[in-house]
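Trainee: I would like to go through this structure by asking about it piece by piece. Please reason each answer out and finish on what I asked for.

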Amino acid sequence: IEGALRDCATLLVIASPGYFKSEWCARERNAFLKGIHARSEAGSRIFRIDKDKLDRNDFPSEFRELLGYPFWMPDTNGNPRTLDFPVAEPREQKYIDMLNKLRLELGEELGRLRSLHSGHVTPMPSAPAVFLAEVTDDLEDLREELVAYMKQAGLAVLPEISYPDDDSE
């Protein structure tokens, strides 16, 4: 498994408290990271799915700045609820939207890596960019909707990584 991870283009991580405590998961993550550092086209990417509301300080350092895909939302009492737990509801639009976003962005990254590997690199068009500030959890759905509209209109949305955590300094 570790050998295969060193050759992978992307890593899809289901982030949870159990993932962060697991020694085996840490070994897998380190094998993947060693592999991408060893390749000259280290454009490989980690896709982090957040299964629960997690404290960024609990993340391994390699994951702290990733935006991630939140597969949780506050319930009526404000407590975090995993979108697919206990069973994914077919009409739960947030879950479907997040799956679709992950599918599209993972496909784009794999396509980019494929063209990079084949030597037929298509330069990324320079698009006008919009800086969109980070928001509180209650506004995250609206921010994601706005990001989707901007990308559909051909705009680049910045930042592409999370802000540094002020509490860690």
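Trainee: Leaving aside its neighbours within four places in sequence, which residues is L155 in contact with?

Mentor: First, this is a predicted model, in which local features need pLDDT of at least 70 and side-chain atom pairs count only at pLDDT 80 or more, while totals for chains, interfaces and linings use all residues. Residues are numbered from 1 along each chain as its sequence is written, and side-chain values use heavy atoms, with hydrogens and water left out. Contact means heavy atoms within 4.5 Å. By that rule, and without neighbours within four places, L155 is in contact with P128, V130 and M150.

Trainee: Where does L155 lie, and how many Å separate it from A129, C-alpha to C-alpha?

Mentor: L155 lies in the loop between α5 (140-152) and β7 (156-158). Helices (H or I, at least four residues) and strands (E, at least two) are DSSP runs, numbered from the N terminus. L155 and A129 are 26 residues apart in sequence, and their C-alpha atoms are apart in space by 5.6 Å.

Trainee: Does L155 count as buried, partly exposed or exposed, and why?

Mentor: Buried means under 20% relative accessible area, exposed over 50%, and partly exposed in between (1.4 Å probe, protein chains only). The relative accessibility of L155 is 28%, so L155 counts as partly exposed.

Trainee: How many helices and strands are there in the protein, and in what order do the elements run?

Mentor: The protein has 5 helices and 7 strands. From the N terminus on, the order is α-β-α-α-β-β-β-β-α-β-α-β.

Trainee: In what order do the 3 strands of the open sheet stand?

Mentor: Two strands pair if DSSP finds at least two bridges between them. β1 and strand β2 (residues 45-50) are joined by 6 bridges and run parallel, and β2 and β3 are joined by 2 bridges, also running parallel. The edge strands, each pairing on one side only, are β1 and β3 (69-70). The order is β1-β2-β3.

Trainee: Which residue of β3 does I49 stand opposite?

Mentor: On the β1 side, I14 stands opposite I49 in β2, and L12 stands opposite F47 in β2. On the β3 side, the residue opposite I49 is Y69.

Trainee: How many of the residues of β2 are buried?

Mentor: β2 is largely enclosed by the rest of the structure, because the buried residues number 5 of the 6. R48 and D50 are both buried.

Trainee: Which side chains meet in a salt bridge?

Mentor: A salt bridge is a side-chain nitrogen of Lys or Arg within 4 Å of a carboxyl oxygen of Asp or Glu. The structure holds 1 salt bridge. At 2.6 Å, N to O, the side chains that meet are those of R48 and D50.

Trainee: Which element gives the most to the largest nonpolar core?

Mentor: A nonpolar core is a set of buried Ala, Val, Leu, Ile, Met, Phe, Trp, Tyr and Cys residues joined through side-chain atoms within 4.5 Å. The largest one has 12 residues, among them L5, V13, F32, I46 and F59. The elements that give two or more residues to this core are β1 (10-15) and α3 (23-38). With 5 residues, the element that gives the most is α3.

Trainee: Why is the pair of F20 and F59 called tilted?

Mentor: Rings of Phe, Tyr and Trp (its six-membered ring) pair if their centres lie within 6.5 Å; planes under 30 degrees apart count as stacked, over 60 as edge-to-face and the rest as tilted. A search of the whole structure finds 5 aromatic pairs. In this one the ring centres are 5.0 Å apart and the planes stand at 40 degrees, so the pair is tilted.

Trainee: Is F59 buried or exposed?

Mentor: F20, its partner in the pair, is partly exposed, with a relative accessible area of 21%. F59 has 5% relative accessibility, so F59 counts as buried.

Trainee: How many degrees lie between the planes of F71 and Y95?

Mentor: Both F71 and Y95 are buried. F71 and Y95 form an edge-to-face pair, 5.7 Å centre to centre, and the angle between the planes is 85 degrees.
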